[in-house]
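Q: Please take a close look at one part of this model, namely the places where small molecules are held. I would like a connected account of what surrounds them and how the parts of the chain contribute.

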Amino acid sequence: MAPPIAMSTDQIAELIDAYAKAAARVEEAGVHGVEILAGNGYLHSQFLSPVLNQRLDEYGGTFQNRIRFLLETLQAIRTATSSGFALGIRIGDSSDQRILSSEEVNAVAVRVQSEGLIDYLNITHGDYYFHVDRYAGMDQPVGYQLPFSERIGRGITVPKIIIGRYATLDDAEQALRAGDADLVNMVRATIADPMLVVKGREGKASEIRPCIGCNQGCIGGVFAGRMSCTVNPAVGFEATLSEANIAQG
Ligand SMILES: Cc1cc2nc3c(=O)[nH]c(=O)nc-3n(C[C@H](O)[C@H](O)[C@H](O)COP(=O)(O)O)c2cc1C
Ligand code: SF4
């Protein structure tokens, strides 16, 4: 029996069905795949955590029970979409390893991979309980999540994606050459300079405006109700201020 405040099994089934239907709609709309955000403290990672998941039914307790919600979600999406439709998960540990350790997340990743339920693994770190570790500030180095992603990615053979303060294409290239991952996510870097990749391709890397990791405009702005960027005044005003709209003299 689940505790009274827990989601009922009917609600869990309804949610899994909603994920599957949403993925099918995404495919119908012409998109090539979906990703389940099963990390960062969101619902699936709460089910996975032996600390946060207090359920007493088949969705709580043992590892097999805690992973059930994620497995059923991915299975339902596979059934609702075609074989060529990509399915991935974004997953990560908590900065408080008691909540969700790198080793537990690795076990989850290995399990979903062994069941053929993921085409790639997108690795993250930190959650709402340790907010700043998700988007480290300027006190943290490039690749600050690597010690965690290395542990989480052990035994994974599908393509791996990593993240963590990669601000320039050179930073990302270094991680790829070192074999740390197959792809590098760059979130704040592309807020600071949405033309990052274009400039790199055109041999204008020196013109890239790097993210400085201040967190004031982007994440600070989101929580204050209006997103901006300290080094990119066009954020929020792209229609008039983006570089594409500024004539080169
Ligand atoms: C404005 C903003 C919004 C974000 N929103 C989410 C979110 O909704 N869910 C999530 O898992 N991560 C979110 N993130 C975290 C990023 O996906 C990423 O993990 C984090 O910024 C670290 O990567 P970076 O160093 O390349 O920026 C957000 C980050 C920023 C800056
Ligand atoms: S406000 Fe801009 S420069 Fe500062 S962390 Fe966010 S994206 Fe980077």
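A: In this predicted model, the largest cavity is the space taken by ligand 2. The residues surrounding ligand 2 begin, in sequence order, with Arg188 and Ile191. They continue with Cys211, Ile212, Gly213, Cys214, Asn215, Gly217 and Cys218, and end with Cys229, Thr230 and Val231. By class, this shell comprises seven nonpolar residues, four polar residues and one charged residue.

Ligand 1 occupies a space of another kind, namely the largest pocket. Around ligand 1 there are 15 residues, of which Asn40, Arg90, Arg165, Val187 and Arg188 come nearest. Arg188 is thus named both among the nearest residues of ligand 1 and in the surroundings of ligand 2. The shell of ligand 1 divides into nine nonpolar, two polar and four charged residues.

Several side chains make polar contacts with ligand 1. The side chain of Asn40 places an N or O atom 2.6 Å from an oxygen atom of the ligand. For Arg134, an N or O atom of the side chain is 3.1 Å from a nitrogen atom of ligand 1. Tyr42 has a polar side-chain atom 3.3 Å from a nitrogen atom of ligand 1. On its own, ligand 1 has 610 Å² of accessible area, and the protein covers 82% of this.

The position of ligand 1 can also be described at the level of domains. The domain assignment divides the protein chain into domain 1 (9-186) and domain 2 (203-249). Their centres, taken over C-alpha atoms, are separated by 28 Å. Eight residues from domain 1 and eight residues from domain 2 take part in the contact between them. Ligand 1 lies between the two domains, because domain 1 and domain 2 both give residues to its shell.

Conventions. Residues numbered from 1 in each chain as written. Chains lettered and ligands numbered in written order. Predicted model: local features only at pLDDT ≥ 70, side-chain atom pairs only at ≥ 80, totals over all residues. Heavy atoms only, no water. Near = heavy atom within 4 Å. Polar contact = N/O pair within 3.5 Å; in protein donor to acceptor, adjacent residues only side chain to side chain. Areas by Shrake-Rupley, 256 points an atom, 1.4 Å probe, with all protein chains shown as cover. 1 Å grid on protein atoms, 1.4 Å probe; cavity = no way out; pocket = protein on both sides within 12 Å on 5 of 7 lines; lining within 4 Å. Sits in = over half its atoms within 2 Å of the grid points. Nonpolar A, V, L, I, M, F, W, Y, C, P; charged D, E, K, R; others polar. Domains from an automatic or database assignment. Contact = heavy atoms within 4.5 Å.
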